[in-house]
Amino acid sequence: NPNYYLFKEGILVNGNSNLRMWHSQVSILPLSFDAGFCIHHLSSQYSQAHNCFFSSSSSSIQAEAGFVNLYNCQTVGGVRAYGASKLKHVNSFRDGRFIAHDTAQMWVTGMKWGERSGINVLFEIYDTSKVVVANSKAGITDDVSWVVLVNSTNAIFKAYNSEFISLGSGATITGVPNATVYLYYSVLNKNADTVTVSPDSNYKVTANAE
């Protein structure tokens, strides 16, 4: 049935509804093209998950409104925020991209992620969205890849007490010219490229500075 494949979801949260989950698993099996979302949040309210596992070959979590809070979860597949949504990813394991569009806001804290292959960008930031990363480690191994891509001069990326590693030829943090990133008490293995590091930043480059 084509309609099934068009609207396939694990859990669809719509209207003014709320979702609360504990110790659960939602997996979307791949079909002939990218799978759907484990949680597709369209509600003006919130979705909240604790100690859960989400897996999809597309995006495991997609927020387009309201609030999505993930605590101690494992998410396999992209985590995306659109519209004016607000998404928190706290003390969770990650395997896939973080992507923020429109005026969405995203907070990532306590993420421990070793060097990862098969993905050329970990954090993608567009439009006037805002992404804040704290107390985290993120690395990437593929050639011509970046840990952070700031694709708009109006977007905001901030990092606190975090470490970013690019083992390929690409910069650790890159983006469009005149985009600004804020790095506080953080470590990069290469300098940020193209973007401007804010004057009040306090960070260090460990090796292989570009």
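A residue counts as buried when its relative accessible area is under 20%. E124, at 7% relative accessibility, therefore falls in the buried class in this structure. The structure is a predicted model.

The protein chain contains one helix and 23 strands. It has 210 residues, and buried residues make up 48% of them. The chain exposes about 9,300 Å². Carbon and sulfur atoms supply 50% of that area. Contacts were also sorted by separation in sequence. Among those between residues at least 6 apart, 45% join residues at least 24 apart.

A search of the whole structure returned one salt bridge. The partners are R97 and E124. Their closest N and O atoms are 2.5 Å apart. The pair links distant parts of the chain, with the two positions 27 residues apart in numbering. R97 sits in the loop between strand 10 (93–95) and strand 11 (98–100). E124 belongs to strand 14, residues 121–125. The two partners fall into separate accessibility classes. R97 has a relative accessible area of 28% and is partly exposed, whereas E124 is buried at 7%. The R97 value is not under the 20% limit, so R97 is not counted as buried.

Cysteines were examined next. The structure holds zero disulfides. For C73, the nearest cysteine sulfur is that of C52, 4.8 Å away. A disulfide requires sulfur atoms within 2.5 Å, so the C73 and C52 pair does not qualify. C73 is buried, with a relative accessible area of 3%. C38 is also buried, at 0% relative accessibility.

S85 gives a local view of a loop residue. It lies in the loop between strand 8 (74–81) and strand 9 (86–90). Despite this loop position, S85 is buried, with a relative accessible area of 0%. The S85 side chain reaches the backbone oxygen of A63 at 3.4 Å. Residues up to four places away in sequence were set aside for the contact list. On that basis, S85 touches A63, E64, A65 and G66. It also touches A104 and Q105. A63 thus appears both in the contact list of S85 and as the residue whose backbone oxygen the S85 side chain reaches.

Terms used. Residues numbered from 1 in each chain as written. Predicted model: local features only at pLDDT ≥ 70, side-chain atom pairs only at ≥ 80, totals over all residues. Heavy atoms only, no water. Helix = DSSP H or I, 4+ residues; strand = E, 2+ residues; numbered from the N terminus. Buried < 20%, exposed > 50% of the residue type's maximum accessible area, 1.4 Å probe, protein only. Polar contact = N/O pair within 3.5 Å; in protein donor to acceptor, adjacent residues only side chain to side chain. Contact = heavy atoms within 4.5 Å. Areas by Shrake-Rupley, 256 points an atom, 1.4 Å probe, with all protein chains shown as cover. Salt bridge = Lys/Arg side-chain N within 4 Å of Asp/Glu carboxyl O.
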